[in-house]
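Trainee: I have a new model open and would like to learn how to read its sheet and its core. Could you walk me through it?

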Amino acid sequence: VSMLDSLKEIPAVTPSDSDQFGYKTGVIVYTSSTMGISQDITMWFDDFGRVTLSEIKSSVLGQRVHQLNIVKDSLVYNIDMISKAGTWMTLTDDTTSESYNYRTLTEEDLKLHNIVFEGKENFLGKECKIYSQKENVNGQQVDMKVWIWEGIPLKSVSSVSGIEVTMEALQMKVNVDIPAEKFEVPKGVKMEEARDTTNYPS
């Protein structure tokens, strides 16, 4: 029995146009790989994607990696579960205004953000819309292709200055009961404010 099977289902809630995801809650298990290193990523979300917890587990050169990234109430928490230490920072308005909603993309959005609709494809039994995007971030060329279902990314292939990163959902369940404490900073973790925000990729 997978972890997803044990989650209690809740009735669906209809999303509004401002909602990023087409479902109020969900959990997605991804595998990601770059330069031969793979990571297991589990993303939990609530409030149609406004609240997220991503748990990243990996092993790099024999070193165990276990990180949490929590986004809620305009704050981002990055936590290292091995050293039990983390930082938090406030999301500024300019980072949110640059974002766009894959569920309600307009022609203007596509032009503004240099996004191209590449067609549709079935992935994980869901009909996904495929979008590609090229942008220059901090002087690095980023090429990205993403498979979106109901606003939720199920697969992505990106390259940053020629280094390829792939991410694929292995399993997913939406409309599940997620306790609020799932999105809290775990007890015993020492948190401090991030000093410099310029080094954080959005």
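Mentor: Happily! Let's begin with an idea about strands: two of them count as paired if DSSP finds at least two bridges between them. Keep in mind that this is a predicted model.

Trainee: What is the order of the strands in the open sheet?

Mentor: Its 12 strands follow the order β7-β8-β9-β10-β11-β1-β2-β3-β4-β5-β6-β12, and the pairing is mixed. β7 (115–123) and β12 (190–193) stand at the edges with a single partner strand each, so one side of each has no neighbour in the sheet. On average, neighbouring strands are turned by 20° against each other, ignoring direction.

Trainee: How many bridges join β10 to β11?

Mentor: There are 6, between residues 152–160 and residues 163–174, and these strands run antiparallel. For one pair to find on screen, look at Ser-159, whose bridge partner in β11 is Glu-164.

Trainee: And the core? Which residues touch the most other members?

Mentor: The general idea is that nonpolar side chains tend to be buried together in soluble globular proteins. Here the largest nonpolar core has 18 residues, and those touching the most other members include Ile-28, Phe-45, Trp-149 and Ile-152. Strands β1, β2, β8, β9, β10 and β11 each supply at least two residues of this core. A second, separate core of 16 residues includes Val-29 and Phe-183.

Trainee: Is Trp-149 buried or exposed?

Mentor: Buried, because its relative accessible area is 11%, under the 20% cut-off. Trp-149 lies in β9, and its contacts include Tyr-23, Leu-154, Met-172 and Val-174.

Methods: Residues are numbered from 1 along each chain as its sequence is written. This is a predicted model: local features need pLDDT of at least 70, side-chain atom pairs count only at pLDDT 80 or more; totals for chains, interfaces and linings use all residues. Side-chain values use heavy atoms; hydrogens and water are left out. Helices (H or I, at least four residues) and strands (E, at least two) are DSSP runs, numbered from the N terminus. Axes are lines fitted to C-alpha atoms, for helices over the stretch in contact, and angles run from 0 to 180 degrees between N-to-C directions. A nonpolar core is a set of buried Ala, Val, Leu, Ile, Met, Phe, Trp, Tyr and Cys residues joined through side-chain atoms within 4.5 Å. Buried means under 20% relative accessible area, exposed over 50%, partly exposed in between (1.4 Å probe, protein chains only). Contact means heavy atoms within 4.5 Å. Lists of a residue's contacts leave out its neighbours within four places in sequence.
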